[in-house]
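Hello,

Here is the structure I said I would pass on. My notes on its aromatic contacts and one surface patch follow below it.

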Amino acid sequence: MSTTINKKKTNAYIHIAIMLLITFGVGFLPPFGQITGIGMKVLGCFLGIVYGWIFIDLLWVSFFGFAVLTMTGYANANTVLASGFGNATFLMVLLGAAFAEALNQVGITEGIAYWLLSKKIFVGKPWLLIVALCSCAFLMSMANGGIAAIFLLWTIAIKIGELSGYKSGSRLLNMLIAFIVYIAMTAPNIVPFYGGVILYGGFFTKGSGLPIPAGPMLGAGLIYVFLMIALLLLVGKFVLKIDASRYTTTEALCEEYAQYKMNKYQKAGLILIVFYFLVLMLPQIIPTLPGAAFCNNLGVIGWSILYMTIFVMWKDENGKAIIQLGDCFRKLPWEMLMLLAVTYPLADAMESADIGITATITSTLTPILMNMDVTLLMIAAMLLLAIVTQFMHNVVMGAIFLPMIPPIVAQMGGNPYTCFFLMYLALMCAYVTPAGSMMAGMVFGHEYMERKDAYIFGIVFLVVTIIIAICMIPLLNIVFAI
């Protein structure tokens with residue numbers, strides 16, 4: 001036993017030494033390309049932190065990242081910390097996690113889990129139940145549920161797992177944690193009037209002068225999403241051979257679960273959840289609706305706070321608040337939150353014009369892409385973005401390449417919309433490493449998630465998307481016929 005412990009300690013110290021060597025050693029190497037001296041230090045910080053995330057720990061390595069980034073001379077400590085902890089998305093995730101715990105305290109997730117398990121259609125059909133959860137992720141995200149929908153479905157999926165005998169860290173629960181994020185964050189990005197298409201479509205229009213056609217974009221996007229969900233589940237069942245045999249119920253249990261009745265607080269909470277999603281969704285669809293501006297200004301953060309405030313003010317029969325607000329914040333997933341917080345200043349530094357890392361990547365890769373067959377160029381551009389966006393912020397990669405590549409494709413006789421769609425899908429797949437995106441941080445940082453599984457499922461999602469995208473090229477040329 002002591003030998004094993006000593007070996008683990010030794011390995012841990014070796015990994016820490018390697019991380020420190022990378023973090024501080026790269027800065028002493030001569031700059032190359034357009035990377036500046038400070039840029040080399042930032043590059044070392046980035047590579048060292050990524051190594052630490054993979055081989056050491058998520059929490060303290062992320063915390064350490066703030067100090068190391070300050071040491072590079074890129075920015076002072078106040079600026080770095082403000083960039084991380086003051087980021088609007090970070091605050092949204094923090095509130096989302098607290099909101100999910102509030103729903104758990106009210107008993108809403110428990111009520112929904114029992115309701116699902118009481119349906120005899122799921123008896124002996126665990127993968128049908130999994131399909132139902134993934135379908136909920138799709139529908140709730142299309143209703144602009146976003147991060148709140150993810151936390152709600154995470155809690156329900158885990159609750160069902162616990163009732164079925166699955167423990168934390170099991171591959172099945174890890175699969176559901178990852179797939180719920182992939183689906184919930186990808187599905188709304190194919191809706192033309194949501195932020196993703198507007199943002200990235202703007203980059204495309206800037207370079208090509210062409211607007212994004214709403215109908216074809218939505219149609220092609222829906223085909224991709226349905227194929228993506230189906231293939232993810234097929235890979236999980238037949239390739240990874242994930243054991244879901246116990247993630248089900250029996251007729252006897254169905255009858256038992258059917259006896260479960262929600263109390264008045266749960267019913268009120270459920271009604272408020274429906275209202276919550278409506279006020280987030282409707283103003284996006286009908287911006288002229290009375291009160292739309294007010295609802296949009298509150299957003300996910302504001303409505304989550306209001307929701308929790310209602311249940312703090314509401315007292316039960318014993319005069320106690322329905323939820324304990326302190327517990328909602330004491331149980332925050334700090335591994336996830338700290339990882340997310342440090343990625344923002346790291347991404348800002350990597351993308352800074354004064355650092356030169358992004359400019360070096362662009363100047364190196366652009367000439368290579370220019371000398372290809374048009375179809376091969378589109379595929380190569382997609383693959384390039386799919387790889388680079390695992391380490392660089394996808395918005396910046398989109399801002400660089402989307403105005404550049406599709407017009408070249410058009411000049412070569414190809415379909416620029418097809419090129420845009422392929423590149424857009426690639427930018428939505430930044431889940432292979434913790435540094436890939438904010439949402440990748442949510443997957444890697446979940447308290448149940450085994451890091452090995454996070455890497456596996458991130459790669460699966462990326463490969464599935466690339467396969468679907470390449471197979472869709474002939475269809476996209478028809479759908480986006482110019």
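Phe 444 and Tyr 455 are both buried. Their ring centres lie 4.8 Å apart with the planes at 70°, so this pair is edge-to-face. The contact links distant parts of the chain, with Phe 444 in helix 22 (residues 438-445) and Tyr 455 in helix 23 (residues 451-479), 11 residues apart. Please keep in mind that this is a predicted model.

Over the whole structure, the search finds 23 aromatic pairs. One of them, Phe 66 with Phe 85, is stacked, at 5.1 Å centre to centre and 20° between the planes. Phe 66 belongs to helix 3 (residues 59-71) and Phe 85 to helix 4 (residues 77-85), so the pair ties together parts 19 residues apart in sequence. The two rings differ in cover: Phe 66 is buried, with a relative accessible area of 5%, while Phe 85 is partly exposed at 28%.

There is also an aromatic cluster, formed by Phe 204, Tyr 417, Phe 420, Phe 421, Tyr 424 and Phe 480.

A charge over a ring turned up as well: the charged end of Arg 246 sits over Tyr 166, 4.2 Å from the ring centre.

On the surface, Leu 231, Leu 234, Phe 238 and Val 239 make a nonpolar patch of about 380 Å². Of these residues, Leu 234 is placed in helix 11 (residues 214-239). Its relative accessible area is 43%, so Leu 234 counts as partly exposed; that value passes the patch cut-off of over 30%.

Regards

Notes
Residues numbered from 1 in each chain as written. Predicted model: local features only at pLDDT ≥ 70, side-chain atom pairs only at ≥ 80, totals over all residues. Heavy atoms only, no water. Patch = residues over 30% accessible without salt bridge, like charges linked within 9 Å, V, L, I, M, F, W, Y side chains within 5 Å. Areas by Shrake-Rupley, 256 points an atom, 1.4 Å probe, with all protein chains shown as cover. Salt bridge = Lys/Arg side-chain N within 4 Å of Asp/Glu carboxyl O. Helix = DSSP H or I, 4+ residues; strand = E, 2+ residues; numbered from the N terminus. Buried < 20%, exposed > 50% of the residue type's maximum accessible area, 1.4 Å probe, protein only. Phe/Tyr/Trp six-rings, centres within 6.5 Å; stacked < 30°, edge-to-face > 60°. Lys NZ or Arg CZ within 6 Å of the ring centre and 35° of its normal.
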